[in-house]
Amino acid sequence: STAFAVDLTGTGGDLVLGSSPSITSTVNVISTADGAVFITGSGNVTTTIADAIDLTASGGTQSNPANLSVGLSGALTGAAAGIVVVQNAFGNIAIATSGPVIGQSGRGIFAEESATGTGSILVNGSGNVTGTGTAYSGIVAEILSATNGSDVTVDQTGNISGGYDGIHALTDGNGNVTVVTGPNATISATRYYGIEATSNGAGSIVVTTATNDVITSGSAGIN
């Protein structure tokens, strides 16, 4: 199958990726809807250019937020990033993957509430996540608005590796930052930190590792 783009308007919708045939180019979803958007299914996505999954939203309002949910069980391999989700309006982000997610020259999973976004971020799958290249982390979850008081949570139980950080969780707002890893997981970073959790506001930071976890890094294991 070739690349396809989906524009969602109105009150949102659900894009289901089937298991056959495999998708060989970027799944690009652009939402101007003022309702929830879902990408689900068991399909595999492998690209030779660009990302595997892109989801961008700009239509949510305070009374009708565009909550963004990605729940996929297939293998996702992007020539650049694996999954990129950006919220530019009102709405939360939730990403749960059980298959491997690989960014071959980018981040494995990138979730951002932008400077105009308002909502929380939750990354809580079970699959392995890989980001490749010294500028790219395995998982990035970030809130960039100082007025966004929602929380950032990364609770991925698989192995996570990145060329920059393994996990990079950040808020510029006043919400909390929480990072939890699963048992027997390996968290690795070539350049900097296995886990970097940062708050530039008044919220708390909590990092919890599990039994038999291994953190390897080019700098400190946890920062």
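Strand β11, which covers residues 101–103, and strand β14, which covers residues 129–131, run parallel and are joined by three bridges, and within this pairing Val101 has Val129 of β14 as its bridge partner. Strands here are DSSP runs of type E with at least two residues, numbered from the N terminus, and two of them are said to pair if DSSP finds at least two bridges between them. The model is a predicted one, in which local features need pLDDT of at least 70 and side-chain atom pairs count only at pLDDT 80 or more, while totals for chains, interfaces and linings use all residues. Residues are numbered from 1 along each chain as its sequence is written, and side-chain values use heavy atoms, with hydrogens and water left out.

Strands of a sheet pair through backbone hydrogen bonds, either parallel or antiparallel. An open sheet of seven strands, with parallel pairing, follows the order β5-β8-β11-β14-β17-β20-β23. Its edges are formed by β5 (45–46) and β23 (214–216), and because each of these has a single partner strand, one side of each is left without a neighbour in the sheet.

An open sheet of eight strands is also present, again with parallel pairing, and its order is β2-β4-β7-β10-β13-β16-β19-β22. Here β2 (13–17) and β22 (205–208) stand at the edges with a single partner strand each, so one side of each lacks a neighbour in the sheet. From one strand to the next the twist averages 5°, where axes are lines fitted to C-alpha atoms and angles run from 0 to 180 degrees between N-to-C directions. At the β22 edge, strand β19 (residues 177–180) runs parallel to β22 and is joined to it by four bridges, with Val179 standing opposite Val207 in β22.

Strand β12 (residues 109–113) shows how a strand can be covered, since five of its five residues are buried, a word that means under 20% relative accessible area, whereas exposed means over 50% and partly exposed lies in between, with a 1.4 Å probe and protein chains only. On one side of β12 the buried residues are Ile109, Ala111 and Glu113, and on the other they are Phe110 and Glu112. Strand β9 (residues 83–87) runs parallel to β12 and is joined to it by five bridges, and Val85 stands opposite Ala111 in β12. Five bridges also join β12 to strand β15 (residues 139–143), which runs parallel to it, and there Ile109 has Ile139 as its bridge partner.

Ile109 also appears in the surroundings of Thr97, a residue in strand β10 (residues 93–97). Thr97 has a relative accessibility of 2% and therefore counts as buried. Leaving aside residues up to four places away in sequence, Thr97 touches Leu72, Ile83, Ile109, Gly125, Ser126, Gly127 and Gln156, where contact means heavy atoms within 4.5 Å.

The last topic is the aromatic rings. Rings of Phe, Tyr and Trp (its six-membered ring) pair if their centres lie within 6.5 Å, and planes under 30 degrees apart count as stacked, over 60 as edge-to-face and the rest as tilted. By this rule there are two aromatic pairs. The ring centres of Tyr164 and Tyr192 are 4.8 Å apart and their planes stand at 65°, so this pair is edge-to-face. Because Tyr164 lies in the loop between β17 (160–162) and β18 (167–171) and Tyr192 in the loop between β20 (186–189) and β21 (195–199), the pair ties together parts that are 28 residues apart in sequence. Tyr164 counts as partly exposed at 27% relative accessibility, and Tyr192 is partly exposed with a relative accessible area of 28%. Ring pairs link Tyr164, Tyr192 and Tyr193 into a cluster.
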